[in-house]
Amino acid sequence: MPTPYRMEELVEQTITKQTFTAELKQVQEFYKCTFEQCDFQNAELVDLLFTNCEFKSCNLSNVSLKGTQLDHVVFNDCKMLGIHFNECSSFSFHANFSNSVLDYSSFFERNIKKFQFEQCSLQHVDFERANLQQVLFKKTNLLNARFVQCNLEGCDFRSSINIQLDPEVNRMKKSKFGPEQLPGLLLKYQLVID
């Protein structure tokens, strides 16, 4: 019996409650596909192309995205621990995240200009040397997130929590902060703010 995915390209399909099966491994390009409640934990999603796709309530923890292109991909309610987004293809790299856990992931040296992180957990995420211009961090937990030599110009941090970054080693022109975030900007000075 032929499998439903025996092709190199999958277009406008909804894939529900799957693992990264042998059939899916034969697909190289996914266009306008929706993945719902899939478990791809520890999968090798290498050298693939995802264009205008959406992942809903999926587990993508520790997946390998080496050489994979994420072109306008949306992640909603996903578990995405320890993903090295810095290994993705840089061509047309754009993704948005909502209600997702990305703890211990890396965007090292990535251009993630205008990305959106809404109600996400970004604890211990490495943003070193990343271009984060105009990124929206809306109601996001940034506990121990690493911002070193980043371009944070125009970022919106106003509703996020646990921000700790050094204005002296990051470009921050026109970044937006609320009064609650100020202690995280002054942490290195060991000031007491009441």
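Asn 144 sits in the loop between β10 and α2, and that loop is where we'll begin. Bear in mind that you're working with a predicted model.

**Exercise 1. Backbone angles in a loop**

Work out what is unusual about the phi of Asn 144, and decide whether this residue is buried, partly exposed or exposed.

*Solution.*
Step 1: Start with the general rule. Most residues other than glycine have a negative phi.
Step 2: Now look at the residue itself. Asn 144 isn't a glycine, yet its phi is positive, at about 60°.
Step 3: Check the surface. Buried means under 20% relative accessible area and exposed means over 50%, with partly exposed in between. Asn 144 comes out at 38%, so it counts as partly exposed.
Step 4: Try the routine again on Lys 139, which is also placed in the loop between β10 and α2. Lys 139 is no glycine either, and its phi is positive, about 50°. With a relative accessible area of 49%, Lys 139 is partly exposed.

**Exercise 2. A serine in the loop**

Find out whether Ser 175 is buried or exposed, and which residues it touches beyond its neighbours within four places in sequence.

*Solution.*
Step 1: Locate it. Ser 175 is in the loop between β10 (136-138) and α2 (182-185).
Step 2: Compare its accessibility with the cut-off. Its relative accessible area is 16%, so Ser 175 is buried.
Step 3: List the contacts. Skipping the neighbours within four places in sequence, you get Leu 152, Glu 153, Gly 154 and Cys 155.
Step 4: Zoom in on one of these contacts. A polar atom of the Ser 175 side chain lies 2.4 Å from the backbone oxygen of Leu 152.

**Exercise 3. A valine in another loop**

Which residues is Val 101 in contact with, once you leave aside its neighbours within four places in sequence?

*Solution.*
Step 1: Place the residue. Val 101 belongs to the loop between β8 (94-98) and β9 (116-118).
Step 2: Read off the contacts: Cys 78, Lys 79, Met 80, Leu 81 and Ser 121.
Step 3: Add the surface. Val 101 has a relative accessible area of 31%, so you'd call it partly exposed.
Step 4: Look further along the chain. Thr 140 is 39 residues away from Val 101 in sequence, and their C-alpha atoms are 9.9 Å apart.

**Exercise 4. Strand β7 and its partners**

How many of the residues of β7 are buried, and in which sense does β7 pair with β5, β6 and β8?

*Solution.*
Step 1: Do the burial part. β7 covers residues 69-76, and 6 of its 8 residues are buried, which leaves the strand mostly covered.
Step 2: Take β5 (residues 49-51). This strand pairs with β7 in the parallel sense over 3 bridges, and Phe 50 has Leu 70 in β7 as its bridge partner.
Step 3: Move to β6 (residues 54-56). The pairing with β7 is parallel, with 3 bridges; here Lys 56 stands opposite Asn 76 of β7.
Step 4: Finish with β8. This strand runs parallel to β7, and 5 bridges join the two. Asp 71 finds its bridge partner in His 94 of β8.

**Exercise 5. Following a chain of charges**

Trace the network of salt bridges that includes Arg 129 and Glu 128, and say which loops its members come from.

*Solution.*
Step 1: Recall the idea. Side chains of opposite charge can pair when their charged atoms come close.
Step 2: Get the total. The whole structure holds 8 salt bridges.
Step 3: Begin with Arg 129 and Glu 109, whose side chains form a salt bridge at 2.8 Å, N to O. Arg 129 is in the loop between β9 and β10 and Glu 109 in the loop between β8 and β9, so this pair ties together parts that are 20 residues apart in sequence. Arg 129 is partly exposed at 41%, and Glu 109 is partly exposed at 43%.
Step 4: Hop on to Glu 128. Its salt bridge with Arg 129 has the closest N and O atoms 3.8 Å apart. Glu 128 is buried, at 13%.
Step 5: Hop once more. Arg 146 and Glu 128 meet in a salt bridge at 2.2 Å, N to O. That pair links Arg 146 in the loop between β10 and α2 with Glu 128 in the loop between β9 and β10, 18 residues apart. Arg 146 is partly exposed, at 39%.
Step 6: Put it together. The network links Glu 109, Asp 126, Glu 128, Arg 129 and Arg 146.

Definitions and conventions. Residues numbered from 1 in each chain as written. Predicted model: local features only at pLDDT ≥ 70, side-chain atom pairs only at ≥ 80, totals over all residues. Heavy atoms only, no water. Helix = DSSP H or I, 4+ residues; strand = E, 2+ residues; numbered from the N terminus. Buried < 20%, exposed > 50% of the residue type's maximum accessible area, 1.4 Å probe, protein only. Polar contact = N/O pair within 3.5 Å; in protein donor to acceptor, adjacent residues only side chain to side chain. Contact = heavy atoms within 4.5 Å. Pairing = 2+ DSSP bridges. Salt bridge = Lys/Arg side-chain N within 4 Å of Asp/Glu carboxyl O.
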